[in-house]
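This report deals with the aromatic ring pairs of one protein model and then with its overall fold.

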Amino acid sequence: QGLTVIPGLVDVHVHFRDPGLEHIEGWDHGSAGALHGGVTSVVEVQNNAPLTTSRALLEERRAHVQRRSRVDFGCLANLVEASLPELAAMAPLTPAFKCFLGGSTGVGGQADEGKLRELFEGAARAGRMIVAHCEDETTLQRDKARLVDGNPDATVALHHLARSTEAEVRSIETAIALARESGALLHVFHVSSQEGADAIRRARRLGQWVAASTAPHFILLSNEDAPRLGNLLKVNPSIKTPADSVGLCGALTDGCIDAIGTDHAPHPLEFKQRAYAKAPSGMPSVDLLWPLTYELVRRGWLEAELALATVTWRAADSVRLIRKGRLARGFDGDLVLFDPQERRRVSGAQLPSRSKWSAFEGFELAGWPRVVVRRGEIAFQSGSVTGAAGGLPLELEPPTPARVG
């Protein structure tokens with residue numbers, strides 16, 4: 001009846017803060033927001049206590065999520081020293097191991113290359129890829145001391161310098177080298193700079209398997225939005241320059257970056273309104289993923305088929321999910337129906353996230369999902385979630401252990 005149909009979207013990177021911080025978001029609100037954005041599958045990172053460091057904790061978390069999620073889900077296990085003895089046991093139940101090379105909200109970074117090598121080798125033996133937050137911890141600490149510590153006038157206008165392109169590139173190069181040395185598969189999360197994308201491109205041209213994703217805010221926003229948005233712009237890695245936005249679109253176009261994932265990381269507005277140094281990093285956006293991605297098409301920055309691929313089949317392939325991201329026989333019946341001509345302005349107060357704010361406030365977007373179907377059943381229609389929770393764990397390829405040493 002005049003609507004366009006696409007596969008259900010796959011968001012490879014969300015934080016729903018649950019279990020542990022359900023009052024900040026929770027799976028009920030987070031997965032409802034996913035449906036609002038056309039997302040039927042999410043890969044979720046636990047970056048608040050309790051971290052997922054054992055099979056028992058992973059099983060508990062999966063059971064907790066299944067009782068609450070309205071979308072299909074994968075729960076990432078944490079790649080930290082405490083989880084090393086449990087990696088092989090966790091591998092069949094998780095899409096990947098999340099490693100923070102640079103510290104971010106809730107989790108410290110790892111500056112010791114020897115420890116990082118041990119973590120990468122452990123993941124390789126367990127046969128699951130590493131998804132990495134790539135910022136060099138030593139560089140971050142140096143620039144924080146230089147620009148932020150003891151500076152009462154510091155604002156988010158400094159954030160792209162305090163968490164610099166240099167920090168990202170150094171860390172990506174370290175992760176690529178350790179993955180090559182250990183035989184681990186690597187996915188670099190939330191690439192924020194053209195130079196970071198270039199480092200990944202060099203590795204891929206040499207034949208190394210490296211996947212990568214970026215986020216809508218790195219393309220549609222820039223450091224020049226700092227005066228307007230204040231701490232709403234504060235995310236890790238930092239949002240960088242307009243030239244980086246252009247470079248990231250180029251990297252999506254040539255396949256150097258596979259996917260767009262939101263890195264949905266909500267915080268209450270009153271937390272974001274603290275002084276810059278005390279305000280947490282992160283922004284919500286899973287509830288806008290398809291309208292934001294479609295905006296890249298409307299602006300002429302990405303071809304339609306390519307833009308769709310970055311949030312469907314290319315996203316699924318980048319974390320090796322099965323039966324997600326395509327309208328094809330044998331795939332799950334996940335569909336989104338939308339009117340490409342319907343336009344609305346973003347109002348954070350009307351979005352499902354508990355945070356009730358958006359860095360994209362006032363953006364006029366198109367592509368708002370009218371109907372979302374998950375596994376053949378209507379899960380969202382006319383602006384409302386239909387039915388109860390019923391999301392299932394994502395089907396995964398078997399672990400493929402590498403020989404290390």
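## Aromatic pairs and overall fold

The structure holds six aromatic pairs, where rings of Phe, Tyr and Trp (its six-membered ring) pair if their centres lie within 6.5 Å, and planes under 30 degrees apart count as stacked, over 60 as edge-to-face and the rest as tilted. Two of the pairs, both edge-to-face, are tabulated here.

| Pair | Centre to centre | Angle between planes |
|---|---|---|
| Tryptophan 27 and phenylalanine 73 | 5.9 Å | 65° |
| Tyrosine 294 and phenylalanine 338 | 5.7 Å | 65° |

This is a predicted model: local features need pLDDT of at least 70, side-chain atom pairs count only at pLDDT 80 or more, and totals for chains, interfaces and linings use all residues. Residues are numbered from 1 along each chain as its sequence is written, and side-chain values use heavy atoms, without hydrogens and water.

Tryptophan 27 belongs to helix α1 (residues 26-36) and phenylalanine 73 to strand β4 (residues 72-75), so their pair ties together parts 46 residues apart in sequence. Helices (H or I, at least four residues) and strands (E, at least two) are DSSP runs, numbered from the N terminus. Tryptophan 27 and phenylalanine 73 are both buried, that is, under 20% relative accessible area with a 1.4 Å probe and protein chains only. Ring pairs also link Phe16 with Trp27 and Phe73 in a cluster.

Tyrosine 294 is buried at a relative accessible area of 15%, and phenylalanine 338 is buried at 3%.

Overall, the protein has 15 helices and 16 strands. Of its 405 residues, 60% count as buried. The C-alpha trace spans about 60 × 50 × 40 Å along its principal axes.

Terms used. Buried means under 20% relative accessible area, exposed over 50%, partly exposed in between (1.4 Å probe, protein chains only).
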